Amino acid sequence: MTEHPPHPSAPAATPTETALPIRVRGATEADLEPLVALMLRLKRLNEEFDPMLEVRPDAEARTREILRSELGNPRALLLAVEATGEEAGKVVGVVRATVRERPFYTPESEGVIQDIYLLPLYRRRRVGEYLLEEVARHLKERGAGILTAEFPTQNEIASRFYGKRGFRPVTALYARRL
Amino acid sequence: MARARRAGDPADGTPPSPAPEGADPAPATAGEAEQTERLGTRSVELARFYQGKVETVPKVPVRSLKDFSVWYTPGIAAVSRAIHEQPERSFELTGRWNTIAIVTDGSRVLGLGDIGPEAAMPVMEGKALLFKFLGGVDAIPLPLRVTSADELIDAVLRLAPAFGGVNLEDIASPKCFRVLEELQRRLPIPVWHDDQLGTAAATVAGLINALKVTDRDLRSSRTVLLGAGAANLVTARLLIALGHDPRRLSLVDQKGILEPERDDIDALALNHPWKYRLALQTRGAGRRGDAAAALAGADVLLAASTPDPDTVKPAWIRSMAPRPIVFALANPVPEIWPSRALEAGAAVVATGRSDFPNQVNNSLVFPAVFRGVLDARARSIPDEIVLAAARELADHAARHGLSAQHLLPTMDEHEVFPRVAARVATRSVELGLARRRLGYEEFLELARARMDRTHHLAAAMLRDGFTLPMPDEPIPPEEP
């Protein structure tokens, strides 16, 4: 398998230094397996919130394919969160976002936070807030005029997190089984 | 005399065990099965004979009905006015100072499961009897018909004005954690849940002495708690408060070692924050996997899990540090028989049973703790007070000679009750939680007096025929 070099417009693989127990950098091919594992943890957490979000049996293989394709896609933003303390170098979180066109509305370009996951030991301590600001910065650089976040409606922790930081519900996604 | 402590929740228990979920724990031998059966028959007979185990009796003289003009209206209005002006005076002008509620929703009664409030009543009456007999505490059994934790919390909040304390009993885990935390936060009186605090206090007391007997220091010991139910989760918290290094502590439930990257960690974060917090705090002592992985090289095993003598394997004990400490606390059957644990190299063994040395018995704790907090009119009962009780239990056993067979006081060492009470009361004063601030000796005298009074009262009632003597023969069923 060929190593994807980080895309030219992707955040540098050189990490941003912070006072937090983590740093954030653009993901590389080498991060693929830990990122797949983190993404699956997030999807299983979503499953806890809602049976409509039951994780499919081949989710792991599909996640791997998707992340691999996104590593080479300039519209996709895949960030690896790396520990700096005791577990320095370990990938402990993932941020997955993309830029989408809004064909009917203005601003025309939307930065969508699709997935944010951190291992339990790295939660709180303002890490989430820092990640949000980082991803907002990257998406703005790519032309996004509005920032959105997708998460299960039942996830009240996420609702509170985004609500406290100036987000509000805009579009609802209702579902029923067929 | 102490009620059998239960094994952990099936849901919170330990490694997969042959004991089917919800089934009665299998007694060890046919003899024990027979014994249990015989005691059950006797209990039903006596329940029918006595029809209740506690009653209220007047404690003021009534020379003639005229006296009711002070015991009741019109005189009593002045007492009500005094309390209305100063609500705290309810602790001085009524029996509130010595009265507690024994509250249950019947959701986890003994090993019987969710049998409902009516069926929980005999157990609550038994608890009330223990409270009175061992602590001189007037305890009112109050099984409540409630359906949720919020309803239970709400009901207890509304009952509180009548009581100097609340003892929660037989509430399923993890509901019991939130109910206790919420009530402790919101009520100005001590709230206790014996399955969490009583058992943990007795366990910690036994462990303090087991460490001494085996020449260990808590700070450098590695401890494995097998079973992550009400008792062990609180034991872990208390050990950390005592100075145990959290990173040398691990909890093991039926899914293995609790650690921050376990597959179900996010589910725990949502559904069982108490386990989640301990997973993060302990980090599984740096280990992953099953009980065997946790125990290799460990100094201490505290099992409060499945009542099956094959739960803990001798090989696990052989893999521990030399001369390890083994507590097998499931009831009625320990997780490993003491003889087998000793053969496998354990230096000391404790169980929940009175027929082996070192019974870890919450009946040593709750009557005395309540005697203490009631005598001090304490506002709450934080972990510092629970630890004070544990330390006194440990000290008391040590004063009577520590050995591998005597880690804890036995129920016959009567003096332990007022000692624990006085230590608890004194600690509430030190912590600024006491409405009544006396010295240790005064609290000790008060506790002794309250406890002696109950014993004399019970003897006098029996002597004068107000308590019927225990019938020896089987009692025939009543005519319909």
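In this predicted model, four bridges join strand β5 (residues 223-226) of chain B to strand β6 (residues 249-253) of chain B, and the two strands run parallel. One pair across these strands is Leu225(B) in β5(B), which stands opposite Leu251(B) in β6(B). Helix α9 (residues 230-242) of chain B belongs to the same arrangement. Together, β5(B), α9(B) and β6(B) make a right-handed β-α-β unit.

Strand β5(B) also pairs with strand β8 (residues 300-303) of chain B. This pairing is again in the parallel sense, over four bridges. Here Leu226(B) has Ala303(B) as its bridge partner in β8(B).

In a regular strand, side chains alternate between the two faces of the sheet. The side chains of β5(B) follow two directions. Thr223(B) and Leu225(B) point one way, whereas Val224(B) and Leu226(B) point the other way. All four of these residues are buried.

Chain B is divided into domain 1 (94-193), domain 2 (198-351) and domain 3 (364-463). The C-alpha centres of domain 1 and domain 3 of chain B lie 21 Å apart. The two domains touch: 20 residues of domain 1 of chain B are in contact with 19 residues of domain 3 of chain B. On the domain 1 side, the elements that give two or more residues are α5 (117-135), β3 (165-168) and β4 (191-193) of chain B. The largest share, six residues, comes from α5(B). By type, the residues on this side of domain 1 of chain B divide into 12 nonpolar, seven polar and one charged.

Chain A contains four helices and five strands. Along the sequence, the elements of chain A follow the pattern β-α-α-β-β-β-α-β-α. Of the 178 residues in chain A, 27% are buried. Contacts in chain A often span long stretches of sequence: among those between residues at least 6 apart, 60% join residues at least 24 apart.

Confidence was also examined for chain A. The average pLDDT of chain A is 90, and 89% of its residues score at least 70. Residues 1-10 of chain A have a pLDDT below 50. Beyond near neighbours in sequence, this stretch has 11 contacts in the model. Confidence in chain A is lowest in strand β1 (residues 22-26), at a mean of 93, and highest in strand β5 (residues 146-149), at 98.

Conventions:
Residues are numbered from 1 along each chain as its sequence is written. Chains are lettered from A and ligands numbered from 1 in the order in which they are written. This is a predicted model: local features need pLDDT of at least 70, side-chain atom pairs count only at pLDDT 80 or more; totals for chains, interfaces and linings use all residues. A residue is buried if 20 or more other C-beta atoms lie within 10 Å of its own, exposed if 12 or fewer, and partly exposed in between; C-beta atoms are placed from the backbone. Two strands pair if DSSP finds at least two bridges between them. A crossover is right-handed if, with the strands pointing away from the viewer, the path from the first strand over the helix to the second runs clockwise. pLDDT is the predictor's confidence in each residue, from 0 to 100. Two residues are in contact if their C-beta atoms, placed from the backbone, lie within 7 Å. Domain bounds come from an automatic or database domain assignment. Ala, Val, Leu, Ile, Met, Phe, Trp, Tyr, Cys and Pro count as nonpolar, Asp, Glu, Lys and Arg as charged, and the others, Gly among them, as polar.
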